[in-house]
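Let's take a walk through a protein model together. Have a look at the picture first, then read on and try to find each piece as it comes up.

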Amino acid sequence: MEDIQKHSVHTLVFRSLKRSYDMFLSEQSGLPTNDANANQIRLSVKAKDQYGPLLNNASSLAQSAGKPLAKELGLGPSKQLAIAGLQQPKALLPATQTAAITTAPPSGLAAAVPSPALQAQQLASRAARAPTAPRPVWHPPWRLYRVVSGHGGWVRCVAVEPGNQWFVTGSADRTIKIWDLATAKLKLSLTGHVSSVRGLAVSPRHPYLFSCGEDKQVKCWDLEQNKVVRHYHGHLSACYDMSLHPSVDVLATCGRDSTVRIWDIRTKSCVHTLTGHTNTVSSVRTQAVDPQVVSGSHDTTVRLWDLVAGRTLSTLTNHKKSVRALAMHPVQFTFASAGPDNIKQWKFPGGDFMQNLSGHNAIVNALCVNEDGVLVSAADNGSMHLWDWRSGYCFQRLQTAPQPGSLDSENGIFAMTFDMSGSRLLTTEADKTIKIYKEDDSATEESHPLNWKPQIMKGKRY
């Protein structure tokens, strides 16, 4: 075994000091010294790249050496400063090239300087071409005409049957109730969930009703037997929303586990688990063409999904706060998303931004739009704003009143939908009621004129 050589304390301290000195001798964060020759070469290359055509033709363009460029052009003092920049590059070049540069102007330079009258005309034409918001279409105002009571808790979701005969609501009292749309009378109550019912969907091709809730359960109800026939197991936390695909027998659900799950209705198997969101997914919508699934999340993003590949097509990050509601336009290939900051309109298939709908300064829980281009947003504080889809003009503001006997704070709106005709608006609220709105038949453009002024569109995306 080799003996270890021992050193004195003085020697060890001296070596440590030497290592520290060598470590901090060179300043790594400092800039290198300025090399004059390298700087001259850099400026020469830049000048040759930027003013190459002028340098090559300088000798042929020189006509009157010694005359100032600005005087030869006949320009005023303000233009002389602008033209002086053309004479600067010769100071940046090597001596072999600066000798060939003269002060003569390139041909046609005087004609390129516009006259004051021409400049004023160009500014006027630019102002005329400034994009202005299109004039909104006149819509009759909406009014409340029916209040439906029957639930024992907050009413969290609503869906209308494709035949427009009845609608169904889900509540925090763990029940699902089916109501006649014309008379608003209760037809059926379904029990089976052990927590709040948060999402409902009615199949247009089968006698099935689908529901999901905070108990992590997704159920399929047979409306001919009025009982549960299928369960879809897989969500790890509360399920918040669901949407049936319009042409394929698949169901999309989302929830607090930050995923969107795609279920085969018949086999009960989970076809895809769409991951990518980093927080609660609060809303999901489906359509027949790509992107077939759209989801909005509390991570402030909206994602467009490829249903076949099970991956994200694009992620829209324009929102600054949680996205709690989505709405597909029934006719146009567009959709809207809502957060406390703004309501934003997007264009499919790439998710191109269209415009902002600003003014609803509250936590927007629900969005819906009908074929007439009426977009409705409803919020936690009971406020409802009605917008013209094309122009983004808010033509009416409503404030819901809580049912007598409930607290003033229980005026929040949780869900909302139009019926199949688009002439009735159903809202579900925190005062345990369902409110139904319709257009005011007696209103005309003279009695309720548009209070609209054209404004230059601002290209704000956030």
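Below we go through sheets and hairpins, then a helix, then the empty spaces, and last some unusual spots in the backbone.

Keep one thing in mind from the start: this is a predicted model.

## Two open sheets

Strands of a sheet are held together by backbone hydrogen bonds, and they can run parallel or antiparallel. Let's start with an open sheet made of four strands, in the order β10-β11-β12-β13, with antiparallel pairing. Why do β10 and β13 each have a side without a neighbour in the sheet? β10 (239-244) and β13 (270-275) stand at the edges and have a single partner strand each, so one side of each stays without a neighbour. On average, neighbouring strands here are turned by 20 degrees against each other, if you ignore direction.

Now zoom in on the middle of that order. β11 (residues 250-255) and β12 (residues 259-264) run antiparallel and are joined by five bridges. If you want a pair to look for, try Cys254, which stands opposite Val260 in β12.

Further along the chain there is another open sheet of four strands, ordered β22-β23-β24-β25, and its pairing is antiparallel. Which strands sit at its edges? They are β22 and β25 (394-399), and each of them pairs on one side only. Neighbouring strands of this sheet are turned by 15 degrees against each other on average, again with direction ignored. Inside it, Val374 stands opposite Asp388 in β24.

## A hairpin to look for

β8 and β9 form a hairpin, with four residues between them. Asn226 is in the turn, and it has a positive phi of about 55 degrees. Along the two strands, Trp221 has Val228 in β9 as its bridge partner.

Here are three of the antiparallel strand pairs, set side by side:

| One strand | Its partner | Bridges |
|---|---|---|
| β8 (residues 218-222) | β9 (residues 227-232) | five bridges |
| β11 (residues 250-255) | β12 (residues 259-264) | five bridges |
| β23 (residues 374-379) | β24 (residues 383-388) | five bridges |

## One helix

Time for a change from strands. Helix α2 (residues 36-50) has 15 residues. From its first C-alpha to its last it reaches 21 Å, close to the 21 Å expected at 1.5 Å a residue. Look at the start of α2 as well: a side-chain oxygen of Asp35 comes to within 3.2 Å of the backbone nitrogen of Asn37.

## Empty spaces

Next, the gaps. The largest pocket holds about 1700 Å³ of space. It is lined by 50 residues, and the closest to its centre are Val158, Ser243, Arg285, Met416 and Thr417. Which elements give two or more residues to this lining? They are β2 (155-160), β6 (197-202), β10, β14 (281-286), β18 (325-328), β22 (364-369) and β26 (413-418). Two of these names should ring a bell: β10 is an edge strand of one sheet above, and β22 is an edge strand of the other. Sorted by class, the pocket lining has 27 nonpolar, 14 polar and nine charged residues.

What about cavities? There is one cavity of 30 Å³ or more. The largest cavity has a volume of about 30 Å³. Its lining includes Gly339, Asp341, Asn342 and His360. By class, that lining has three nonpolar, five polar and one charged residues.

## Odd spots in the backbone

Finally, let's hunt for unusual backbone geometry. Where are the cis peptide bonds in this part of the tour? One joins Asp290 and Pro291, with omega of about -5 degrees, and Pro291 is found in the loop between β14 and β15 (293-297). Another runs from Phe348 to Pro349, with omega near 0 degrees. Pro349 lies in the loop between β20 (343-347) and β21 (352-357).

Positive phi angles turn up too. Asn164 has a phi of about 60 degrees although it is not a glycine, and its place is in the loop between β2 and β3 (166-171). Lys432, also a residue other than glycine, has phi near 70 degrees. You'll find Lys432 in the loop between β27 (424-429) and β28 (433-439).

Note on methods:
Residues numbered from 1 in each chain as written. Predicted model: local features only at pLDDT ≥ 70, side-chain atom pairs only at ≥ 80, totals over all residues. Heavy atoms only, no water. Pairing = 2+ DSSP bridges. Axes fitted to C-alpha atoms, helices over the stretch in contact; angles between N-to-C directions. Expected span 1.5 Å × (residues − 1). Polar contact = N/O pair within 3.5 Å; in protein donor to acceptor, adjacent residues only side chain to side chain. 1 Å grid on protein atoms, 1.4 Å probe; cavity = no way out; pocket = protein on both sides within 12 Å on 5 of 7 lines; lining within 4 Å. Points joined across faces, edges and corners; volume = space filled by probe spheres on them. Nonpolar A, V, L, I, M, F, W, Y, C, P; charged D, E, K, R; others polar.
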